[in-house]
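Student: I would like a close look at a single part of this protein. Please start with that part, then work outwards to whatever it leads to.

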Amino acid sequence: MGGTIAGLAADPEGNPNKYKAGQVGIDSLLAHIASALPQNIAVISEQLANMNSRNLSESLLTDLGNRIQECLNDLLVKGIVITHGTDTMEETGLFLQATCGHRAQILGKRIVITGAMLPANAPAADGPRNLVDAISWASMPLENCPNGVYAVMSGKVCLAMDLAKRHGSALNAPLRDSPTSPVNLINPSWLSCVKAVQAAWGEDLPIPKAEEWPWVEILTSHAGARARTIKHWLTSEVLGLVLAGTGAGGFHDDWSEPLDEAIDRGIALVRTSRTGSGATYPHIPEKDAHGCMASGTLSAPRARIALQLALNAAETLKISGKALTWQDFFARIANLPEFR
Ligand code: SIN
């Protein structure tokens, strides 16, 4: 998919932040690490995109999800590694878990997402090691560790849905605050949480068609938040709003009235926290408006993808006779067991 792992700095010895993401093809990245790869596997590569992931589009997520599902169904494919920019890995990780996680488990395969914080030609580039670790993790399942959707970076592994970039430049930025285990020495308490999450994820949600992703925006509550901000969206075609609230997911009192109007107009509302960690529970700090959902441990970018998938599932599966609401589908993702 591109990202910094495929990036090039104009001056490799100079400032490592001055580079262009998505410049080197996946074949070249693989050729560079060929001698470090496990010997008993064949690695076949495919360039779906080569971009800076800040430009990730919903239609590209659709292409990625569909291609991953084809690969999962291919009897010759043992595991799948995705190279990706770290900026929006958080969205892609949640998307893959929610749309391909169950299938990966039942077919006994791993999907592994990886990237880098330094461009490919930096002297201390982290991408090569991350790619070797990711391919090893995808192809050599450790005994007793379930299959599913993971992220591997900086010598650590986590569930892809727990991956979050929480620093602008630190080398361990993507997994800095995520529940992880060292890739070579699986931590038993991490493993039991992974198993609990995998056991609870019993059915994948449908992948939205490229041009049919529901329009959902993230709005952040802050000092001086205005009712006008919400009212602005009431006249749009937006189908859902993710409220990145203060603290445990509270929002400015001035938003209450227009948000009630949003619900009356059928706009889906989800509350999360702008703090970047911790959980948002129902009815805290006060009673939720009818139908508004708390997002559990989902951050705002993840809650947005979850809400889009939930709205799409409610619409798509309605036609096939399963009358579940977007809240039913959203709760499946938001209520997965938490790592403590
Ligand atoms: C990107 O997300 O494509 C650029 C940043 C990165 O990969 O670290």
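**A buried helix and its surroundings**

Tutor: Start with helix H9, which spans residues 326–334. Its buried residues are Trp326, Phe329, Phe330, Ala331, Ile333 and Ala334. Keep in mind that this is a predicted model. What lies over those buried residues? The cover includes helix H3, strand S10 (268–273), strand S11 (293–294) and helix H8 (300–319).

H3 leads us onward. Helix H3 runs over residues 89–106 and carries Phe95. Phe95 is buried, and its relative accessible area is 0%. There are six aromatic pairs in the structure. In one of them, the ring centres of Phe95 and Trp213 are 5.7 Å apart. Their planes meet at 40 degrees, so this pair is tilted. A stacked pair would need planes under 30 degrees apart, and an edge-to-face pair over 60. Trp213 sits in the loop between helix H5 (188–200) and strand S8 (216–220). The two residues are 118 apart in sequence, so the pair ties together distant parts of the chain. Trp213 is buried too, with a relative accessible area of 8%.

Now bring in Leu61. Leu61 belongs to helix H2. Its relative accessibility is 3%, so Leu61 counts as buried. Leu61 and Phe95 are separated by 34 residues in sequence, yet their C-alpha atoms are 7.9 Å apart. Beyond its neighbours within four places in sequence, Leu61 contacts Leu56, Thr92, Phe95, Trp213 and Ile305. Both members of the tilted pair, Phe95 and Trp213, are on that list.

Next, look just ahead of H3. Asp87 is found in the loop between strand S3 (79–83) and H3. UniProt, in an unreviewed entry, gives the feature "binding site" at Ser53, Thr86 and Asp87. These positions spread over 35 residues of sequence, but they cluster in space, with a largest C-alpha distance of 7.1 Å.

Buried or exposed: which applies to Ser53? Ser53 is buried, with a relative accessible area of 4%. Its place is the loop between helix H1 (26–33) and helix H2 (58–73). Setting aside residues up to four places away in sequence, Ser53 touches His84, Gly85, Thr86, Asp87 and Thr88. Asp87 is partly exposed, with a relative accessible area of 42%. With neighbours within four places in sequence left out, Asp87 is in contact with Asn52, Ser53, Arg54 and Lys165.

Aromatic residues gather elsewhere as well. Trp137, Tyr150 and Trp190 form one aromatic cluster. Arg110 lies over the face of Trp137, 4.2 Å from the ring centre.

Go back to the cover of H9. S10 and S11 are both part of it. The loop between S10 and S11 holds His283. Phi of His283 is positive, near 65 degrees, in a residue other than glycine. His283 has 42% relative accessibility and counts as partly exposed. Ser154 also has a positive phi, about 50 degrees, although it is not a glycine. Ser154 lies in the loop between strand S5 (148–153) and strand S6 (156–159). Ser154 is partly exposed, with a relative accessible area of 33%.

One more record concerns this region of the chain. UniProt lists residues 216–315 as "domain: Asparaginase/glutaminase C-terminal", again in an unreviewed entry. That span is 33% helix and 19% strand. Its end C-alpha atoms lie 15 Å apart.

Finally, step back to the whole protein. How many helices and strands does it have? It has nine helices and eleven strands. Of its 340 residues, 51% count as buried. The C-alpha trace spans about 60 × 50 × 40 Å along its principal axes. A compact globule of 340 residues would have a radius of gyration near 20 Å, and the protein's 20 Å agrees with that. Take contacts between residues at least 6 apart in sequence: 72% of them join residues at least 24 apart. The tilted pair of Phe95 and Trp213, 118 residues apart, ties together two such distant parts. The protein exposes about 15700 Å², and carbon and sulfur atoms supply 52% of that area.

Terms used:
Residues are numbered from 1 along each chain as its sequence is written. This is a predicted model: local features need pLDDT of at least 70, side-chain atom pairs count only at pLDDT 80 or more; totals for chains, interfaces and linings use all residues. Side-chain values use heavy atoms; hydrogens and water are left out. Rings of Phe, Tyr and Trp (its six-membered ring) pair if their centres lie within 6.5 Å; planes under 30 degrees apart count as stacked, over 60 as edge-to-face and the rest as tilted. Helices (H or I, at least four residues) and strands (E, at least two) are DSSP runs, numbered from the N terminus. Buried means under 20% relative accessible area, exposed over 50%, partly exposed in between (1.4 Å probe, protein chains only). A charge sits over a ring if NZ of Lys or CZ of Arg is within 6 Å of the ring centre and within 35 degrees of the ring normal. UniProt positions are given in the numbering used here, feature names are shortened, and annotations may be inferred rather than shown by experiment. Contact means heavy atoms within 4.5 Å. The radius of gyration is taken over C-alpha atoms; the globule rule is 2.2 Å times the number of residues to the power 0.38. Accessible areas come from the Shrake-Rupley method with a 1.4 Å probe; for residues, only the protein chains shown count as cover.
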